[in-house]
Amino acid sequence: MNVTESARAAILVRIEAAARAAGHGARLLAVSKTQPADAVRVLAAQGQLAFGENYVQEALAKQRELADLALEWHLIGPLQSNKCREVALHFDWLQSLDRLKLVAPLAHHRPRERGPLDVLIQVNIDDEASKSGCAPQDIDALAAAIAAEDALRLRGLMAIPAPSPDLTARRDAFRRMRVLFDALRGTHAGIDTLSMGMSDDFELAIAEGATMVRIGTALFGARKRD
Ligand SMILES: *Cc1c(COP(=O)(O)O)cnc(C)c1O
């Protein structure tokens, strides 16, 4: 067993324990940004099929190298409008939709035969100037626009709380996301995904309602760049 393999097994045990305690399921998204295609291949051989990438060009290069594998690709980094076509063509999920003007181009470019693009609305839950994500009060309008497109499927919400060393602050951000998620489910009953929690706080996120955690460092080791 190599390092990556033991890392994944250990994380799955921790995710399952946290999810059992919380009384709901939680999926692992492996965040492979800056990691070589070979590292993705090692994890795929262990049964990890869902991968998150931050940069479109880097993801497309990796996808070409791994075209022999049936993987599920999530874009989790900020999306520029000039990249909507590539995302619609080459990704399974977009977790970072945060403004109305992205909705129509994504829907327009999504090939019918690929089925709808699964979409999460990214919320800037700690109102950080440097961070992407919409304001909580913009969620409803975005959700309505996504739901109106056959080529898109609204699955829920995503957030990256401020990286405060204070775990109480992070717990509070996760709780506020859960409230927003439950409210959105009142109008969009089909949503099922609350994506929050990373290497150093995923158990806390699951306890507060995360159904998908995005983990890079704890799976692959430290990144050389970000
Ligand atoms: C890099 C990244 C992650 C993973 O972070 P780690 O701390 O390495 O687990 C998760 N989500 C997003 C949006 C990221 O950019």
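Which residues is Pro 111 in contact with, leaving aside its neighbours within four places in sequence? They are Ala 88 and Leu 89. This is a predicted model, and the contacts described here come from that prediction.

## Around Pro 111

Pro 111 sits in the loop between helix 5 (103-109) and strand 5. Pro 111 counts as buried because its relative accessibility is 17%, and buried means under 20%. Its C-alpha atom is 8.1 Å from that of Ala 151. Along the chain, those two residues are 40 residues apart.

## The ligand site

The ligand takes up the space of the largest pocket. Its surroundings draw on several stretches of the chain. Val 31, Lys 33, Asn 54 and Ile 76 are among the residues around the ligand. Ile 160, Met 198 and Ser 199 also belong to this group. So do Arg 214, Ile 215, Gly 216, Thr 217 and Arg 223.

Three side chains make polar contacts with the ligand. They are listed here with the ligand atom and the distance.

| Side chain | Ligand atom | Distance |
|---|---|---|
| Lys 33 | oxygen | 2.7 Å |
| Arg 214 | nitrogen | 2.9 Å |
| Arg 223 | oxygen | 2.8 Å |

On its own, the ligand has 390 Å² of accessible area, and the protein covers 90% of that.

Asn 54 is one of the residues around the ligand. Asn 54 lies in the loop between strand 2 (50-53) and helix 3 (56-65). Is Asn 54 buried or exposed? It is buried, because its relative accessible area is 15%, under the 20% cut-off. Not counting residues up to four places away in sequence, Asn 54 touches Val 31, Lys 33, Leu 75, Ile 76 and Gly 77. Val 31, Lys 33 and Ile 76 also surround the ligand.

## Helix 3 and its packing

Helix 3 follows the Asn 54 loop. Its buried residues are Val 56, Glu 58, Ala 59, Leu 60, Lys 62 and Gln 63. What do these buried residues pack against? Their partners are helix 2 (37-45), strand 2, strand 3 (72-75) and helix 4 (84-90).

## Two residues with positive phi

Most residues other than glycine have a negative phi. Two loop residues here have positive values. Thr 34 has a phi near 70° and is not a glycine. Thr 34 lies in the loop between strand 1 (27-31) and helix 2.

Asp 127 is the other case, with a phi of about 55°. Its place is the loop between strand 5 (117-123) and helix 6 (139-147). Asp 127 is exposed because its relative accessible area is 67%, and exposed means over 50%.

## His 24 and a distant stretch of chain

His 24 is found in the loop between helix 1 (3-22) and strand 1. His 24 is partly exposed, with a relative accessible area of 23%. Not counting residues up to four places away in sequence, His 24 touches Ala 19, Ile 206, Gly 209, Ala 210 and Thr 211. One link is polar: the side chain of His 24 reaches the backbone oxygen of Ile 206 at 3.0 Å.

How far apart in space are His 24 and Ala 207, C-alpha to C-alpha? The distance is 9.3 Å, although 183 residues separate the two in sequence.

## Arg 155 in strand 6

Arg 155 belongs to strand 6 (residues 152-159). Arg 155 is buried, with a relative accessible area of 17%. Leaving aside neighbours within four places in sequence, Arg 155 is in contact with Trp 93. Asp 118, Val 119 and Leu 120 are also in contact with Arg 155. The list continues with Ile 191, Asp 192 and Thr 193.

## Distances along the chain and in space

Leu 219 lies in helix 9 (residues 217-220). Leu 219 is buried, at 2% relative accessibility. Leu 219 and Ala 9 are 210 residues apart in sequence, yet their C-alpha atoms are 9.4 Å apart.

Ala 183 lies in helix 7 (residues 167-187). Ala 183 counts as exposed, at 54% relative accessibility. Ala 183 and Asp 68 are 115 residues apart along the chain, and 41 Å separates their C-alpha atoms.

Key: Residues are numbered from 1 along each chain as its sequence is written. This is a predicted model: local features need pLDDT of at least 70, side-chain atom pairs count only at pLDDT 80 or more; totals for chains, interfaces and linings use all residues. Side-chain values use heavy atoms; hydrogens and water are left out. Helices (H or I, at least four residues) and strands (E, at least two) are DSSP runs, numbered from the N terminus. Buried means under 20% relative accessible area, exposed over 50%, partly exposed in between (1.4 Å probe, protein chains only). Contact means heavy atoms within 4.5 Å. A residue is near a molecule or strand if one of its heavy atoms lies within 4 Å of it. A polar contact is a pair of N or O atoms within 3.5 Å; within protein, one must be able to donate a hydrogen and the other to accept it, and residues adjacent in sequence count only if both atoms are side-chain atoms. Accessible areas come from the Shrake-Rupley method with a 1.4 Å probe; for residues, only the protein chains shown count as cover. On a 1 Å grid over the protein atoms alone, a cavity is a set of points where a 1.4 Å probe fits but cannot get out, and a pocket is an open set with protein on both sides within 12 Å along at least five of seven lines; lining residues have an atom within 4 Å of a point. A molecule sits in a cavity or pocket if more than half of its atoms lie within 2 Å of its grid points.
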